[in-house]
Amino acid sequence: MNTILHLGLGSFHRAHQAVYIHQLRELGQPEDRRWAIAGGNLRPDMLDTIAALQAQGGAYTLETVTPQGERRYTRITSIQRVLSYQDDLAPLVAVAADPATRIISFTVTEAGYYLDAQNRLDWATFPDLRADLEAVKSGRAGHTIYGGLVTLLRARMTAGAGAVTLMNCDNLRHNGDRSRGGLLQFIEALGDSVLLAWVQNHTTSPNAMVDRITPRPTPDVAERVRAATGQDDPAALMGESFIQWVIEDNFINGRPEWETVGVEMVQSVQAHEEAKIRLLNATHSCIAWAGTLAGFQYIHEGTHHPAIRQMAFDYVTDDAIPVLLPCPIDLEAYRDVVLDRFGNPAIADTNQRVAMDGFAKIPGMIAPTIRDKLARGGTIDSVAMLPALFLAYLQRWHAGQIPYTYQDQAMDPAAAHAICEAADPVAAFAADTTLWGELASDTRLVSALRNAHARVMAFVKATAA
């Protein structure tokens, strides 16, 4: 049996990568059933879900729903081993050091890579990254993605277990290249030249693009699963019917025949990646921030609000699509499919989930379009609405008026409060280097943000009327 060790048994992994391996195994051919997943977490979170999965032998029910409201239920059985959390990561280490493990995959939020605008590890901003480096130096296990991988890869190197592919399954742009860069920088900071050489020679890091809307499971999901299947399943989850996975074919020690179940294996993922990040991810955040400002709880409510939908449509049409052309993808059709997906009321995806991590999403998903448009001498009126929405959202957060807890790993709360308290919040926001890098305080950015912020305030006033 060949193993994929997955780090991060959250909803997205279980509604996406695990589904493809399940479908492959269901084909029934011996070569298809050779692959299975062993999964666990680098940190002590989701303990109830882990326990539920362990009690069910790794199996769980996935509910999918179409934009028309049609629901289907599938028992997913590709996770063959659910590994308990231990502070020393011993269960994960044992699997990582097994020659049968050929791929180590992981799902990390954008902020969890700790990279600045130049793709350097941002040691100054993130104390947990510095603490993880010290922990690994002192012989303890690491719990960031880099410290965790170092712990696992050292064990694999020592065991002589052979080469392994490191596979990202998340929304970071150029995720394989950038996570690999961060990992090598972390190992350099450790001063472990032997491990550095081993990783360079015995691992690859393919870039990949993943897509499926997967809300946090609510109690209603388990209730519908029970009604439809008769099974009590505390690990049940729900996702939209749409699913996509595009991976660069850069595997060092074998891989599943994913192309037989619809995965697109390509030489370069860049066109798909840029389309998804700019047309889907950035639009998603736009709707979440605007929807929260308008008093909505769910993404579909904002998507069906004419003014919010127009903001999203204009951003994509006026500014995102022009900088992506020429492109092998029909970007206008992609835009329309995205808005249809976001408008699916059955998904009940919350603004809270999508609005998080703005200080990582603006530099990763929105600023590139602003830079590209300015480089071409174009206007940025439509794309500027997205960061202007986030500034208005941040001002609400500062005033304690967001109706849910806002989570943002990349945000310095003191700096964010200072932006909101500044005599000129727009200028202070435009000057923040975490958000804008070299574009910070650019007069064209400041001017566009000032105009957009005024339009956002008018939108807020109109929706409150």
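The second largest pocket of this predicted model is lined by 33 residues. Leu 115, Asp 116, Ala 117, Arg 178 and Pro 363 lie nearest its centre. The volume of this pocket is about 680 Å³.

Where does the largest share of the lining of the second largest pocket come from? Helix α15 gives eight residues, the largest share. This helix spans residues 358–375. Helix α19, residues 433–436, also appears in the lining; α15 and α19 each supply at least two residues. By residue class, the lining of the second largest pocket divides into 17 nonpolar, nine polar and seven charged.

Now turn to the sheet. Six strands build it, and the sheet is open. Read across, the order is β5-β2-β1-β6-β7-β8, with parallel pairing. Strands β5 (79–82) and β8 (203–204) stand at the edges. Each has a single partner strand, so one side of each is left without a neighbour in the sheet.

Further in, take the pair β6 and β7. Strand β6 covers residues 101–106, and strand β7 covers residues 164–168. The two pair in the parallel sense over four bridges. Which residue of β7 does Ser 105 stand opposite? Ser 105 faces Met 167 there.

A helix packs on the other part of the strand order. Helix α2, residues 17–26, lies across β1 (2–7), β2 (35–40) and β5. Its course runs at about 150° to β2. Of the strands under α2, β5 is one that stands at an edge of the sheet.

Note on methods. Residues numbered from 1 in each chain as written. Predicted model: local features only at pLDDT ≥ 70, side-chain atom pairs only at ≥ 80, totals over all residues. Heavy atoms only, no water. Pairing = 2+ DSSP bridges. Contact = heavy atoms within 4.5 Å. Axes fitted to C-alpha atoms, helices over the stretch in contact; angles between N-to-C directions. 1 Å grid on protein atoms, 1.4 Å probe; cavity = no way out; pocket = protein on both sides within 12 Å on 5 of 7 lines; lining within 4 Å. Points joined across faces, edges and corners; volume = space filled by probe spheres on them. Nonpolar A, V, L, I, M, F, W, Y, C, P; charged D, E, K, R; others polar.
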